[in-house]
Amino acid sequence: MNGVESLLRIYDYIRPVLDVGVLFFLLYKGYELIVRTNSAQILKAAVIIAIAYAVVGIFDLNTVEWLLTFVTPALLVGFVLVFQPEIRKILLKLGQVEWFNSRKKTLYSSDTIQSVLLAADTLSKQKRGMLVVFLRKTKLENISDTGEKLDAKISASLLVTIFVFDTPLHDGACVIQDDRVVAAGCFLPLSEQYDIKKTYGTRHRAALGTSEVSDSVVLVVSEETGAISLAYDSVLHYDLSMSQLTTDLTRLLSVKTENGSAENGGAEDANQADS
């Protein structure tokens with residue numbers, strides 16, 4: 001019994017620290033998720049409501065308290081309606097967390113990355129647009145179904161052929177997975193960010209929009225400037241050099257080694273590196 005009592009005493013000392021630690025971890029991860037999905041408006045609204053309730057409690061404002069109690073149900077409904085896109089993004093990102101997602105990572109060979117970058121460099125010099133979606137864990141069948149199914153081996157010449165000529169496929173996106181072009185001419189969701197730069201065209205908005213609703217990495221070549229950019233984790237990284245593109249794609253994607261295993265952690269390592 002003495003041993004059990006000792007353990008209980010130790011637990012009594014540890015419990016407050018554990019309680020605070022878990023709370024801090026949850027708050028930090030919640031804040032990180034909100035920032036990553038560009039949903040800071042939700043945080044601001046929650047802080048304003050919390051301050052209002054705090055002021056009412058401190059100064060004992062009975063009339064205001066009655067009013068807040070009366071309108072709270074309507075506020076909650078309005079909150080959900082107004083912030084529906086942001087809440088949807090948070091839930092989608094939450095579903096992509098490793099704890100909740102049991103899907104295997106998509107693996108890419110270094111040859112695939114180099115083929116895509118070679119095609120991007122060629123098209124960039126010719127001022128031709130390009131949009132390529134690297135799938136990671138989120139499969140995006142709904143997007144693949146909007147285009148033409150190819151299931152073709154990736155090569156620079158294939159990608160250049162798709163995007164360099166004014167064919168029905170050149171305006172859409174290529175979706176790639178496991179070193180193969182799954183589909184071409186796919187339609188991507190446009191970004192819902194209200195503060196996006198006016199200079200970004202439809203391709204950049206589509207790349208950013210796809211990164212907002214999935215864990216995909218999207219490469220985009222501007223038809224106007226030839227700039228090559230990457231969109232991931234709801235952020236567009238504009239006009240990157242070829243060396244930076246190679247480094248980022250190798251870091252973000254799970255690259256195959258000679259024995260077929262993953263060389264890096266892909267999405268998880270990328271998130272840690274960006275934090």
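The following questions and answers walk through a predicted model of a single chain.

Visitor: How many helices and strands are there in the chain, and what percentage of the 275 residues is buried?
Guide: The predicted chain holds 10 helices and 9 strands. Counting a residue as buried when its relative accessible area is under 20%, the buried share of the 275 residues comes to 41%.

Visitor: What percentage of contacts in the chain between residues at least 6 apart in sequence join residues at least 24 apart?
Guide: A contact here requires heavy atoms within 4.5 Å. Once the pairs are restricted to residues at least 6 apart in sequence, the share that joins residues at least 24 apart is 63%.

Visitor: Where in the chain is confidence lowest?
Guide: For the chain, the mean pLDDT is 80, with 76% of its residues reaching 70 or more. Strand β6, residues 217–221, has the highest confidence, at 97. Over residues 267–275, by contrast, pLDDT stays under 50, and the model has 16 contacts beyond four places in sequence for that stretch. The lowest confidence, at a mean of 43, belongs to helix α10, residues 267–274.

Visitor: Why is strand β5 described as largely enclosed by the rest of the structure?
Guide: Strand β5 covers residues 180–186, and it is joined to strand β3 (residues 148–153) by 4 bridges and to strand β4 (residues 173–177) by 4 bridges, running antiparallel in each pairing. The description itself rests on burial, because the buried residues of β5 number 5 of the 7.

Visitor: Which residue in β5 is the bridge partner of V175?
Guide: Strands β4 and β5 form a hairpin with 2 residues between the strands, where D178 takes a positive phi near 50°. Turning to β3, K149 stands opposite A183. The bridge partner of V175 in β5 is likewise A183.

Visitor: Which residues of β7 are buried on one side and which on the other?
Guide: Strand β7 spans residues 228–232, and 5 of its 5 residues are buried, so the strand is largely enclosed by the rest of the structure. Both of its faces are covered, with I228, L230 and Y232 on one side, and on the other S229 and A231.

Visitor: Which residue in β8 does A231 stand opposite?
Guide: Strand β7 pairs in the antiparallel sense with β6 over 4 bridges, and there V218 stands opposite A231. It also pairs in the antiparallel sense with strand β8, residues 235–237, over 3 bridges. In that second pairing, the residue opposite A231 is L236.

Visitor: Which residue has a positive phi in the turn between β7 and β8?
Guide: The hairpin of β6 and β7 has 6 residues between the strands, and G226 in its turn has a positive phi of about 80°. The hairpin of β7 and β8 has 2 residues between its strands, and the residue in that turn with a positive phi, of about 50°, is D233.

Visitor: At what angle do helices α5 and α7 pack?
Guide: Two packed helices are described by the angle and the distance between their axes. For α5 (residues 110–125) and α7 (residues 156–164), the axes lie 8 Å apart, and the crossing is right-handed. The contact is made by S115, V116, L118, A119, T122 and L123 of α5 together with A156, L159, V160, F163 and V164 of α7. The packing angle is about 40°.

How values were computed. Residues numbered from 1 in each chain as written. Predicted model: local features only at pLDDT ≥ 70, side-chain atom pairs only at ≥ 80, totals over all residues. Heavy atoms only, no water. Buried < 20%, exposed > 50% of the residue type's maximum accessible area, 1.4 Å probe, protein only. Pairing = 2+ DSSP bridges. pLDDT = per-residue confidence, 0-100. Axes fitted to C-alpha atoms, helices over the stretch in contact; angles between N-to-C directions. Left-handed = near helix turned anticlockwise from the far one by under 90°.
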